[in-house]
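Open the model in your viewer and set the display to cartoon, with side chains available on demand. The stops below go from strands to core to rings.

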Amino acid sequence: MLKVNDLIAKSKNGTEIIVSLIPLHKMQNTRQGLKQIEVGKRVLLESGIEVDLNLDGRTFYTSLNQLFKLNHKVA
């Protein structure tokens with residue numbers, strides 16, 4: 001698994017965690033067969049758990065009511 005970079009994510013209550021962005025791959029059917037394409041990014045927590053980014057590209061939930069925000073939008 002390829003880590004893109006280490007970032008600091010903050011929650012409203014001031015908690016900070018270090019996360020990494022990793023590519024999200026999906027399978028695409030082509031004439032030559034199936035191949036993986038990158039369709040976005042996911043967040044890899046220090047514990048090894050992968051979570052999805054929200055649609056805004058900046059926030060993600062680690063658990064129920066635990067919203068974290070990155071400093072910049074992920075392209």
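This is a predicted model, and local features are reported where pLDDT is at least 70.

**Stop 1: the β2–β3 hairpin.** Select residues 16-30, which are strand β2, and residues 33-45, which are strand β3. The two strands run antiparallel and pair over 12 bridges. Between them lie 2 residues, and the unit is a hairpin. To check the register, pick N29 and look across to β3, where L34 stands opposite.

**Stop 2: from β3 to β4.** Now add residues 50-52, strand β4. How many bridges pair β3 with β4? There are 3, again in the antiparallel sense. For the register here, show R42 and find D52 opposite in β4. β3 and β4 also form a hairpin, with 4 residues between them. Select G48 in that turn and read its backbone torsion: phi is positive, about 95°.

**Stop 3: L44.** Stay on strand β3 and select L44. Is L44 buried or exposed? Its relative accessibility is 11%, so L44 counts as buried, the cut-off being under 20%. Then display N5 and draw a distance between the two C-alpha atoms: they are separated by 10 Å, although the residues are 39 apart along the chain.

**Stop 4: the nonpolar core.** Select L7, A9, V19, L21, V43, L45, V51, L53, F60, F68, L70 and V74, and show side chains. These 12 residues make up the largest nonpolar core. Colouring by strand shows where they come from: β1 (6-11), β2 and β3 each supply at least two residues of this core. As background, nonpolar side chains in soluble globular proteins tend to be buried together.

**Stop 5: the ring pair.** Keep F60 and F68 from the core selection and hide the others. The structure holds 1 aromatic pair. Which arrangement do the rings of F60 and F68 adopt? Their centres are 6.0 Å apart and their planes meet at 15°, so the pair is stacked; the angle qualifies because stacked requires planes under 30 degrees apart. Both partners can be checked for burial: F60 has a relative accessible area of 0% and is buried, while F68, at 4%, also counts as buried.

**Stop 6: around F68.** Finish by selecting what touches F68, ignoring neighbours within four places in sequence. The contacts are A9, K10, S11, T15, I17, R58, T59, F60 and T62. The stacking partner F60 is therefore one of the residues in this list, and A9 is another that also belongs to the core.

Methods
Residues numbered from 1 in each chain as written. Predicted model: local features only at pLDDT ≥ 70, side-chain atom pairs only at ≥ 80, totals over all residues. Heavy atoms only, no water. Phe/Tyr/Trp six-rings, centres within 6.5 Å; stacked < 30°, edge-to-face > 60°. Buried < 20%, exposed > 50% of the residue type's maximum accessible area, 1.4 Å probe, protein only. Pairing = 2+ DSSP bridges. Core = buried A, V, L, I, M, F, W, Y, C linked by side-chain atoms within 4.5 Å. Contact = heavy atoms within 4.5 Å.
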